[in-house]
Amino acid sequence: MAESASKTFPTKPKLKPKSRTPSKTPESKYWSSFKTHQIGDLISSVPSISFSPSSPHLFAAAHSASLSVYSSLSLPSPTSSISSFSDVVSSLSFRCDGALLAASDLSGRIKVFDVKSRNPLRHLRSHARPVHFVKYPHLDKLHLVSGGDDAIVKYWDVAEEKVLLDLQGHKDYVRCGDCNPVNGDMFITGSYDHTVKVWDVRVENSKSVMEVNHGKPVEDVIFLPSGGLIATAGGNTVKIWDLIGGGKMVYSMESHNKTVTSICVGKVGKDSGEESQQYRILSVALDGYMKVFDYANMKVTHSMRFPAPLMSVAFSPDSMTRVIGTSNGIIYAGKRKVKEDGETVKDDFWRLGSSEEPERRVLRPTYFRYFHRGQSEKPSEGDYLVMRPKKVKLAEHDKLLKKFRHKEALVSVLAAKNPENVVALMEELVARRKLLKCVSNLDGEELGLLLLFLHKYSTVPRYASLLMGLTKKVLEMRAEDIRASDTLKDHIRKLKRSVEEELRIQQSLQEIEGIISPLLRIAGKR
């Protein structure tokens, strides 16, 4: 008997609800490893962020009528700032060598700056309305693409400061665009007319070569690394399109609750659980969420919430830094932890170098550590593990139950006021046919604890099947003791009120069901 009882402990609640919090996947841990650093005091919204393609991958952020350039080694202070704009800066783009930075503003002008000296080198004037995007083509140092509220897409010769092509076709504001990473002559633009157009500067008639309809005003559009797929963002949806397949929609992701404002491509490595580096789509929205979307498996792999509407997102080419701009002038920049020579490098933005590893002393038998060597080593594949059995920690009521002190176990768990443990213990006592005997042996104070518990939880649906039957037995067995005590009578009155209230609720629900059921049957026949 003692042996069989020892195997049944500790008692576990059978009715405990399952947790809805999913366990963290390796990729979720990867994205959570980006330590977030807050950069504030930028006065206004951050509509655009751009990374330099060349190492050390500086990034520029637009805010109000100025822009700031940051390095991951000098945060939170910017390495340089440029304020020579007459209106709000709307878009930024680094040239492929990182030497020049193009910026557009709502006055309709585009300026090209030298990143090191901050001197403006070119002023491009042609747009009649505010410009909302400007982009350097990949591996092209001579041209720019821009679009704005005049619904015209312009292809610029930067050196000559002149427009080579005026591309017309959009019927509303042009708000975004991107250049093909494989073909420097092709680019895409998104507009508030719900369409995304594909342009090829080699086409003589200056018409778009393809068009897809997103269904909502397009806030952002990007090429995926292959060059054959594009992702569009508008409304609360991010859609993926196959250009090689004729503009066919591949997938629609609707995981945001509000308008998606910006998307970019991020790369994950082996430490995220993937066998090789793979690409993900990062999207941010006005609901404050950043979502990571695996477009190979068509699923959201990670989600993170920020305390403000998000306006822009960018990911560094070396996959080390993620930057998010908000509507209240705060930048959330995160840098990922990496490992060098087997040691974890601390993820501090102001860290300037790695310290040398101190020389380790040779272990000798006279050292205490000599006898503990190898205990922290992880097993390799194929090793047979001899696991030390884990010691089970028992609660007080489980210890009493193990010693067959049933009444004391019941009193102990009632005093702890955990309904799940109380019900679990009662079920165990029912299985042992000891519950009613325990009830009959309770003194006045202990019986008060039991009646108080029955008053609170007997009408709870999860526990009602056991506790309502127990309540009836308690009233039958201990009626004389209850009549002799005013405190116990008070518990019974409260219990009666709870049961009557539950009966009223059930009756109301049955009346509602009686009204709705015929209507549902009529609707089903139609």
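Which residues does M426 touch, not counting residues up to four places away in sequence? Select M426 in this predicted model and display its surroundings: the contacts are L410, L435, L450, F453, L466, L467 and L470.

**The nonpolar cores**

Extend the selection from M426 to the largest nonpolar core, which has 27 residues. Within this core, L410, M426 and L450 touch the most other members. To see where the members come from, colour the helices α3 (396-402), α4 (406-416), α5 (419-431), α6 (435-441), α7 and α8 (461-477), since each of these supplies at least two residues of the core. Another core, of 17 residues, lies apart from this one; Y30, L282, F306 and I330 are among its members. As a general background to both selections, nonpolar side chains in soluble globular proteins tend to be buried together.

**Helix α7**

Next, select residues 444-457, which form helix α7. At 1.5 Å a residue, its 14 residues should span 20 Å, and the end C-alpha atoms are indeed 20 Å apart, so the expected and modelled values agree. Show the side chains of E446, L447, G448, L450, L451, F453, L454 and H455, which are the buried residues of α7. Then move to the start of the helix, where a side-chain oxygen of D443 comes to within 3.3 Å of the backbone nitrogen of E445.

From L452, trace a distance to K494: the two C-alpha atoms are 8.8 Å apart, although 42 residues separate them in sequence. K494 itself belongs to helix α10 (residues 486-525). Is K494 buried, partly exposed or exposed? Its relative accessibility is 31%, and K494 therefore counts as partly exposed.

**A loop between two helices**

Select R433 in the loop between α5 and α6. This residue has a positive phi of about 60° although it is not a glycine. R433 counts as exposed because its relative accessibility is 77%. For context, most residues other than glycine have a negative phi.

**An open four-stranded sheet**

Turn now to the strands β14, β15, β16 and β17, which form an open sheet in that order with antiparallel pairing. Why is one side of β14 (174-179) and of β17 (210-213) left without a neighbour in the sheet? Both strands stand at the edges and each has a single partner strand, so one side of each remains unpaired in the sheet. Looking across the sheet, neighbouring strands are turned by 20° against each other on average, with direction ignored. For a closer view, select β14 together with β15 (residues 186-191); these strands pair in the antiparallel sense over five bridges. One residue pair to label is V174 and its bridge partner in β15, S191.

**Two successive hairpins**

Select β7 (residues 100-105) and β8 (residues 109-114), an antiparallel pair with five bridges. A103 has K111 of β8 as its bridge partner. Three residues lie between the two strands of this hairpin, and G108 in the turn has a positive phi of about 95°.

Keep β8 in view and add β9 (residues 120-125), which pairs with β8 in the antiparallel sense, again over five bridges. Here the bridge partner of I110 is L124 in β9. The hairpin of β8 and β9 has five residues between its strands, and R118 in the turn has a positive phi of about 65°.

**Strand β2 and the loop after it**

Go to S50 in strand β2 (residues 48-51). S50 has a relative accessible area of 12% and is buried. Leaving out residues up to four places away in sequence, S50 touches L58, F59, A60, L92, S93 and F94.

Continue to P56, in the loop between β2 and β3 (59-63). A cis peptide bond joins S55 and P56, with omega about 10°.

**A further loop, and the whole chain**

Select M298, in the loop between β24 (289-294) and β25 (299-305). M298 has a positive phi of about 55° although it is not a glycine, and at 25% relative accessibility M298 counts as partly exposed.

Finally, display the entire protein chain, which has ten helices and 30 strands. Of its 526 residues, 43% count as buried. Among contacts between residues at least 6 apart in sequence, 48% join residues at least 24 apart.

Key: Residues are numbered from 1 along each chain as its sequence is written. This is a predicted model: local features need pLDDT of at least 70, side-chain atom pairs count only at pLDDT 80 or more; totals for chains, interfaces and linings use all residues. Side-chain values use heavy atoms; hydrogens and water are left out. The expected span of a helix is 1.5 Å times one less than its number of residues. Buried means under 20% relative accessible area, exposed over 50%, partly exposed in between (1.4 Å probe, protein chains only). A polar contact is a pair of N or O atoms within 3.5 Å; within protein, one must be able to donate a hydrogen and the other to accept it, and residues adjacent in sequence count only if both atoms are side-chain atoms. A nonpolar core is a set of buried Ala, Val, Leu, Ile, Met, Phe, Trp, Tyr and Cys residues joined through side-chain atoms within 4.5 Å. Contact means heavy atoms within 4.5 Å. Two strands pair if DSSP finds at least two bridges between them. Axes are lines fitted to C-alpha atoms, for helices over the stretch in contact, and angles run from 0 to 180 degrees between N-to-C directions.
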